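Please open the structure in a viewer and keep the selection tool at hand. The stops below are meant to be visited in order.

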Amino acid sequence: MTKIIMMGAREDERAFSEEWAKKNNIDLTITDEILNEDTYHLLEGFDGISLQQTMGIPTSMYARLKKDGFKQIAQRSAGVDMYDLEAASENNIFVTNVPAYSPNSVAEFAVSSALNCLRHTQEIQKRVKNHNFSWNKEIISKEVRSLTIGILGTGRIGRVTAEIFKGFGAKIIGFDVFKSPEAENILDYVEDFDQFLAQSDLISIHMPLTKENHHLFNDDTFAKMKPGSILINAARGGILDTEALIKALDSGQLSACALDTYENEMPYVTRDWSDKEIEDKILLELINREDVLYTPHIAFYTETSVENLVFGALDACLSVLTTGTAPTIVNP
């Protein structure tokens with residue numbers, strides 16, 4: 001019987017995993033341990049691996065996996081920027097992802113985060129807790145239908161986000177190197193990135209992190225945005241230079257932002273730090289600022305998404321083991 005180990009597993013994944021294993025007659029071991037040098041020994045005796053890593057694995061481990069007969073890593077997410085894909089390919093290790101587990105989950109979260117920023121929800125709740133029920137210009141808001149919403153990245157998630165915003169009556173513009181015919185029915189593409197920045201009252205980011213777009217949003221980018229605009233990032237933290245973001249907020253160039261991802265989140269996200277001291281001063285500032293809505297990479301987190309991520313990753317793992325390939329391999 002084929003044996004697969006599922007590492008980095010959460011309790012909410014267990015029922016779906018067990019259902020998949022029974023359906024496919026697979027000996028599946030589920031553990032919350034992540035893969036690193038200290039846990040590598042847990043792989044002994046298994047044929048396939050499914051991981052949920054927020055931190056990568058040592059580059060030297062790909063050769064070790066090859067030596068021990070492994071052919072694949074099935075990541076339970078769309079993003080695979082935590083892996084060294086070149087090193088994986090050099091060692092004939094296929095890395096797979098789950099590219100379309102539920103676009104609606106992330107899109108709905110992005111829009112709800114935008115609404116919370118627009119309507120000053122954090123500030124209002126703080127006032128209410130202090131029994132301050134007054135109205136003034138600090139909490140007056142604009143209606144979504146009066147805004148130009150910029151969608152950066154018009155793939156599956158970006159298109160659903162655009163559709164939801166369009167339902168409010170907003171003007172929707174988009175920017176993407178690869179234009180989507182489906183998206184053209186929802187939004188108007190802007191050819192020049194600087195013009196896209198200047199025209200958008202609110203920008204929602206829905207693009208993968210690559211070497212080319214790392215810190216795409218920096219001091220120069222923020223200076224080109226419409227003064228007082230809002231930024232929503234439910235994609236990858238590394239797309240933003242966080243220190244530059246804080247400066248843009250301090251200056252008023254940005255009025256607010258919602259961050260579901262942070263570029264240095266890996267030591268913290270998915271872990272309970274309530275009884276530990278957070279040493280990352282930038283993360284602490286993001287958490288404590290009233291003009292920042294920070295959430296711990298949780299936009300995807302719905303029952304539908306979790307089920308699809310588990311099934312998609314394990315299907316890909318089994319496909320590589322039985323056929324030598326899978327439709328969701330991300331490295332050549």
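Which strands does helix α6 lie across, and at about what angle does it run to β6? Select residues 156-167, which form α6. In this predicted model, the helix lies across β6, β7 and β9 (202-205), and its direction is at about 170° to that of β6. On the sheet, select next residues 242-251, helix α9. Helix α9 touches β10, β11 and β12, and its direction makes about 140° with that of β11.

**The seven-stranded sheet**

Now display the strands themselves. Seven of them form an open sheet with parallel pairing, in the order β8-β7-β6-β9-β10-β11-β12. The edges are taken by β8 (188-189) and β12 (292-294); each has a single partner strand, so one side of each is left without a neighbour in the sheet. To inspect one edge, select β7 (residues 171-175) together with β8: the two run parallel and are joined by two bridges. Within this pair, G174 has Y189 of β8 as its bridge partner.

**The five-stranded sheet**

Move next to the open sheet of five strands, ordered β2-β1-β3-β4-β5 and paired in parallel. Here β2 and β5 are the edge strands, each pairing on one side only. On average, neighbouring strands of this sheet are turned by 20° against each other, direction ignored. Select β1 (residues 3-6) and β3 (residues 48-51), which pair in the parallel sense over three bridges. The partner of M6 in β3 is S50.

Then select T96, in strand β5 (residues 94-96). Is T96 buried or exposed? Its relative accessibility is 0%, below the 20% cut-off, so T96 counts as buried. Show the surroundings of T96: beyond its neighbours within four places in sequence, its contacts are I73, A74, Q75, V80, A316, V320, A326, T328 and I329.

**Two cavities**

How many cavities of 30 Å³ or more does the structure hold? There are two. The largest has a volume of about 40 Å³. To see its lining, select N233, G237, L240, T242, L245, L259, T261, Y262 and E263. By class, this lining comprises four nonpolar, four polar and one charged residues.

The second largest cavity encloses about 30 Å³. Select F109, A110, S113, I232, N233, A234, A258, L259, D260 and T295 to display its lining. The elements giving two or more residues to this lining are α4 (103-118), β10 (229-233) and β11 (254-259). Of the contributors, α4 gives the most, with three residues. Six residues of the lining are nonpolar, three polar and one charged.

**Two loop residues with positive phi**

The last stops concern the backbone. Most residues other than glycine have a negative phi. Select N25, in the loop between α1 (11-24) and β2 (27-30). The phi of N25 is near 55°, a positive value in a residue other than glycine. With a relative accessible area of 53%, N25 is exposed.

Finally, select H131, which lies in the loop between α5 (121-129) and β6 (148-152). H131 has a positive phi of about 65°, although it is not a glycine. Is H131 buried or exposed? At 63% relative accessibility, it counts as exposed.

Terms used:
Residues numbered from 1 in each chain as written. Predicted model: local features only at pLDDT ≥ 70, side-chain atom pairs only at ≥ 80, totals over all residues. Heavy atoms only, no water. Helix = DSSP H or I, 4+ residues; strand = E, 2+ residues; numbered from the N terminus. Buried < 20%, exposed > 50% of the residue type's maximum accessible area, 1.4 Å probe, protein only. 1 Å grid on protein atoms, 1.4 Å probe; cavity = no way out; pocket = protein on both sides within 12 Å on 5 of 7 lines; lining within 4 Å. Points joined across faces, edges and corners; volume = space filled by probe spheres on them. Nonpolar A, V, L, I, M, F, W, Y, C, P; charged D, E, K, R; others polar. Contact = heavy atoms within 4.5 Å. Pairing = 2+ DSSP bridges. Axes fitted to C-alpha atoms, helices over the stretch in contact; angles between N-to-C directions.
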